[in-house]
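User: I would like to learn how to read side-chain features in a model. Please take me through them one at a time.

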Amino acid sequence: MLFLIAYDRKRESVETFQTFQSSDRDLADDTRLDLELDLLKRGIDLEVVILEADDESILRKTHSRYFLDRSKIADASDSTYDPGKGPQ
């Protein structure tokens, strides 16, 4: 699956979250570009990415910075980390 995320770094919040099938890569790319152009025209500074993962639960583990507040990320980094299992 593909995940389109627009993330506000200052507010530490996901502003846009869309999913696409892996076979819809072109649609995901076009949607990302349209979103970035719209944000640029409106003067809004968001981080816009497309990430690929087997499912959302894996994405939340591998890219937790989009979904956890900073204190939880720091707590997770203090624990034992196994790349196959995520924070322990």
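Analyst: We will go through aromatic pairs, charges over rings, nonpolar cores and salt bridges. This is a predicted model, where local features need pLDDT of at least 70, side-chain atom pairs count only at pLDDT 80 or more, and totals for chains, interfaces and linings use all residues. Residues are numbered from 1 along each chain as its sequence is written, and side-chain values use heavy atoms, with hydrogens and water left out.

User: How is an aromatic pair described, and how many does the structure hold?

Analyst: Two quantities describe a pair of aromatic rings: the distance of the centres and the angle of the planes. Rings of Phe, Tyr and Trp (its six-membered ring) pair if their centres lie within 6.5 Å; planes under 30 degrees apart are stacked, over 60 edge-to-face, and the rest tilted. The structure holds four such pairs. Take Phe17 and Phe67: the ring centres are 6.1 Å apart and the planes stand at 75°, so this pair is edge-to-face.

User: Where do Phe17 and Phe67 lie in the chain?

Analyst: Helices (H or I, at least four residues) and strands (E, at least two) are DSSP runs, numbered from the N terminus. Phe17 is in strand E2 (residues 13-20). Phe67 is in the loop between helix H2 (56-62) and helix H3 (70-78). The two are 50 residues apart, so the pair links distant parts of the chain. Phe67 also pairs with Tyr66: centres 6.4 Å apart, planes at 75°, hence edge-to-face. Phe3, Tyr7, Phe17, Tyr66 and Phe67 form one aromatic cluster.

User: Is Tyr66 buried or exposed?

Analyst: Use relative accessible area: buried is under 20%, exposed over 50%, partly exposed in between (1.4 Å probe, protein chains only). Tyr66 has 6%, so it counts as buried. Phe17 has 30% and is partly exposed.

User: Which charges sit over the rings of Phe67 and Tyr66?

Analyst: The test is NZ of Lys or CZ of Arg within 6 Å of the ring centre and within 35 degrees of the ring normal. Arg60 lies over the face of Phe67, 4.2 Å from the ring centre. Over the ring of Tyr66 sits the charged end of Arg65, at 4.5 Å from the centre.

User: Which residues make up the largest nonpolar core?

Analyst: A nonpolar core is a set of buried Ala, Val, Leu, Ile, Met, Phe, Trp, Tyr and Cys residues joined through side-chain atoms within 4.5 Å. The largest has ten residues: Leu2, Leu4, Ala6, Phe20, Ala28, Leu35, Leu39, Leu46, Val48 and Ile50. Strand E1 (2-8), helix H1 (25-41) and strand E3 (47-52) each supply at least two of them. Another core lies apart from it, with eight residues, among them Tyr7, Val49, Leu51 and Tyr66.

User: How many salt bridges does a search of the whole structure find?

Analyst: A salt bridge needs a side-chain nitrogen of Lys or Arg within 4 Å of a carboxyl oxygen of Asp or Glu. The search finds seven. One of them joins Glu36 and Arg32, with the closest N and O atoms 2.4 Å apart. Both residues lie in helix H1, four residues apart, about one turn of the helix. Glu36 is partly exposed at 30%, and Arg32 is partly exposed at 24%.

User: Which other residues meet in salt bridges?

Analyst: Arg11 and Glu15 meet at 3.5 Å, N to O. Arg11 is exposed at 58%; Glu15 is partly exposed at 36%. Asp38 and Arg42 meet at 2.7 Å, N to O. Arg9, Glu47 and Arg65 are joined into one network by salt bridges that share partners.
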